[in-house]
Amino acid sequence: MTELASTEAPAASVVAETDDSTARLHRTLFIAIAALLVVAPFVAYPVFVMKVLCFALFALAFNLLLGYGGLLSFGHAAYFGMASYVSAYTAKHWGLTPELAILAGTAIAGLLGALFGSLAIRRQGIYFAMITLALAQMVFFFSLQTPRFTGGEDGIQAVPRGKLFGLVSLADDRALYWLVAAIFMGGLLLIYRIIHSPFGEVCKAIRDNEPRAISLGYRANQYKLAVFVLSATLAGLAGATKAIVFQLASLTDVHWSMSGEVVLMTLVGGLGTVFGPIAGALVIVAMQNYLATLGAWVTVVQGVIFVLCVLLFREGIVGVIAKAIKKPL
Amino acid sequence: MSIAAEDIILSTSGLTKEFGGFTAVNGVDLNVRRGSIHALIGPNGAGKTTCFNLLTKFLPPTKGLIVYNGRDITREKPAEIARLGLVRSFQISAVFPQLSVLKNVRIALQRKRGDSFDFWRSEEVLSGLDGEAMRLVEAVGLGSFAKLPAVELSYGRKRALEIATTLALDPEMMLLDEPMAGMGREDVERIEALIRKVSENRTILMVEHNLSVVASLSDRITVLARGQILAEGDYATVSKDPRVIEAYIGSGGGHAH
Ligand SMILES: Nc1ncnc2c1ncn2[C@@H]1O[C@H](COP(=O)(O)OP(=O)(O)O)[C@@H](O)[C@H]1O
Ligand SMILES: [Mg+2]
């Protein structure tokens, strides 16, 4: 240690350098993603890409909570699905313009997140996960029992896409696509900012070692609740947007399997990596689309992929790449 | 107690902790003088770590009172204790494994900002703390590891990092639980010198098994055995106490040098 002491002076600049090069790499990736978003609707079906983007945003929101807050929620379908219902309902029955319907859905998800989060954060680990699951099941049964609001088994169908700001018709897939792409990019940038904010630093510290963070004077529960609400809100943004894209909100959106799917996407893509959930959502949604002919077997194939992922590369797709290039992604 | 009340920064009376039927800490009356280095020693299982957990509110006491700076803190929450200037380290080395060494320290410096709920701001607002964080990292001899994730440090270096993190809060009183466990001789000397240096304007209560360190650093020693205070005084007094010698030998206490 003593002979190394002489190298102490340059160490500070080495820190700055690596952080800088990582930031540069991330900036390049953001530009690449933006470019991909621009060309995507011309080379793939816009509806397919929009589906990927909605689920990618959902997975990004989930990863914010698990990967950076260290909190495993088994009930994220509640926020995604409830926002989907509210967005569909207000667009169809109240005649809200799409941006307002999406906003309404997102806001409700945030409120629901504040309520459920404040109950769940009182417990740790698996108990926390179980409480989030139980609360999400309550939302599912509520949705099942209130067909006047949710449309019951049928869901809310034929949701009008309406006119953005009451001006631009979104009936055309291409037109809607730009809105969805903008929402996705906005969500991604916001999450990136949260992760790299003073708040994000504290969240990561609590994730790493909660008692130590508390012993430094951080009121851990307040940070956990805040990150929970942010995650639920962004999951709601994804669900509310999805309802407008597919013109449909249904029980599938609030079902526990939806909570499971977002866990799957995040793990396949790379837990605790910034870009992993996007890759995970792409893989899972593509698989569901191309393997749709297999019917119920899709679930089995998904299960096998999940098990292989966990056995072969636990860090997920992006996690493995990050390890190879020795840079956080 | 004959010591004037204003000299005492931390005191407990009748502090007791029971786990089920087992009493880990039993009626401890502890008085720590302001500005002193006070050592808490005793064989393994004596209740030292439990005492620390009680003092910093990580465990609720079964009975007893804790007064810090004239204020009853028996029922405070642990994060609030830290905000009052009473900061602990942990026996099991407590670092933030995925954060870099520098960020481990910076996260403590960040407390100066108050709460950090600003999720919309770039972490670049924290870069002003990097210089101070680096100075602390260097002070514990970790300068060349600053950018390494803490998980990659050896055990002894994690302990050093923990001390740097604790110091970053500039606490009025520090509780160190076996700060030198697992360190090589060179590092023990470095940390010993550091503790002596930082003790100039603060109070330190520490648990330490390295008795030569205890002898040279501490102003006062409390010996704990089976949850009770066995003896108290300076090193010369305590080390001659037959009950202390027996407690250490009786527990196979190979730590005595
Ligand atoms: N959470 C707990 N539950 C039950 N027993 C405990 C707990 N924590 C400590 N103990 C017991 O209390 C006694 C004192 O432990 P501790 O304070 O860690 O001792 P020391 O730090 O002096 O070695 C030990 O017998 C230990 O097993
Ligand atoms: Mg101990």
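A crossing of two helices is called right-handed if the near helix is turned clockwise from the far one by less than a right angle, and left-handed if anticlockwise. Keep that in mind as you work through these exercises on a predicted model.

**Exercise 1. Two helices in chain B**

Work out how α3(B) and α5(B) are arranged: what is their crossing angle, and which hand does the crossing have?

Solution.
- Step 1: Start with the axes. Those of helix α3 (residues 101-109) of chain B and α5(B) come within 7 Å and cross at roughly 25°.
- Step 2: Classify the angle. Angles under 35 degrees count as roughly parallel, so α3(B) is roughly parallel to α5(B).
- Step 3: Find the residues in contact. From α3(B) they are B:V101, B:N104, B:V105, B:A108 and B:L109, while α5(B) supplies B:L161, B:A164, B:T165 and B:A168.
- Step 4: Add the hand. Where α3(B) passes α5(B), the crossing is right-handed.

**Exercise 2. Two helices in chain A**

Now try α3(A) and α10(A): are they roughly parallel or oblique?

Solution.
- Step 1: Helix α3 (residues 77-93) of chain A and helix α10 (residues 220-246) of chain A have axes that come within 7 Å and cross at roughly 45°.
- Step 2: This angle makes α3(A) oblique to α10(A).
- Step 3: The crossing of α3(A) past α10(A) is right-handed.
- Step 4: Look at who meets whom. Among the residues of α3(A) in this contact are A:Y79, A:F80 and A:A83, and the α10(A) side includes A:F228, A:A232 and A:G236.

**Exercise 3. A histidine in a loop**

Find A:H196 and describe its surroundings: is A:H196 buried or exposed, and which residues does it touch?

Solution.
- Step 1: Locate the residue. A:H196 sits in the loop between α7 (173-195) and α8 (198-208) of chain A.
- Step 2: Check its accessibility. Buried means under 20% relative accessible area; A:H196 has 17%, so A:H196 is buried.
- Step 3: Look for a polar partner. A polar atom of the A:H196 side chain lies 2.9 Å from the backbone oxygen of A:Y192.
- Step 4: List the contacts. Leaving aside residues up to four places away in sequence, A:H196 touches A:V274 as well as B:R121, B:S122 and B:E123.

**Exercise 4. Salt bridges**

How many salt bridges are there over all chains, and where do B:E172 and B:R34 lie?

Solution.
- Step 1: Begin with the total, which is 26 salt bridges over all chains.
- Step 2: Take one pair. B:E172 and B:R34 form a salt bridge whose closest N and O atoms are 3.2 Å apart.
- Step 3: Place both partners. B:E172 is in the loop between α5 (155-168) and β8 (173-177) of chain B, and B:R34 is in the loop between β3 (31-33) and β4 (37-41) of chain B; the pair is 138 residues apart and links distant parts of the chain.
- Step 4: Check accessibility. B:E172 is partly exposed at 31%, and B:R34 is partly exposed at 40%.
- Step 5: Turn to a pair within a helix. B:R196 and B:E192 form a salt bridge, with their closest N and O atoms 3.8 Å apart. These two residues are four apart in helix α6 (residues 185-198) of chain B, so about one helical turn separates them.
- Step 6: Finish with a network. Salt bridges with shared partners join A:E201, A:K204, B:K103, B:R106, B:E123 and B:D130.

Methods:
Residues numbered from 1 in each chain as written. Chains lettered and ligands numbered in written order. Predicted model: local features only at pLDDT ≥ 70, side-chain atom pairs only at ≥ 80, totals over all residues. Heavy atoms only, no water. Buried < 20%, exposed > 50% of the residue type's maximum accessible area, 1.4 Å probe, protein only. Polar contact = N/O pair within 3.5 Å; in protein donor to acceptor, adjacent residues only side chain to side chain. Contact = heavy atoms within 4.5 Å. Salt bridge = Lys/Arg side-chain N within 4 Å of Asp/Glu carboxyl O. Axes fitted to C-alpha atoms, helices over the stretch in contact; angles between N-to-C directions. Parallel < 35°, antiparallel > 145°, perpendicular 65-115°, else oblique.
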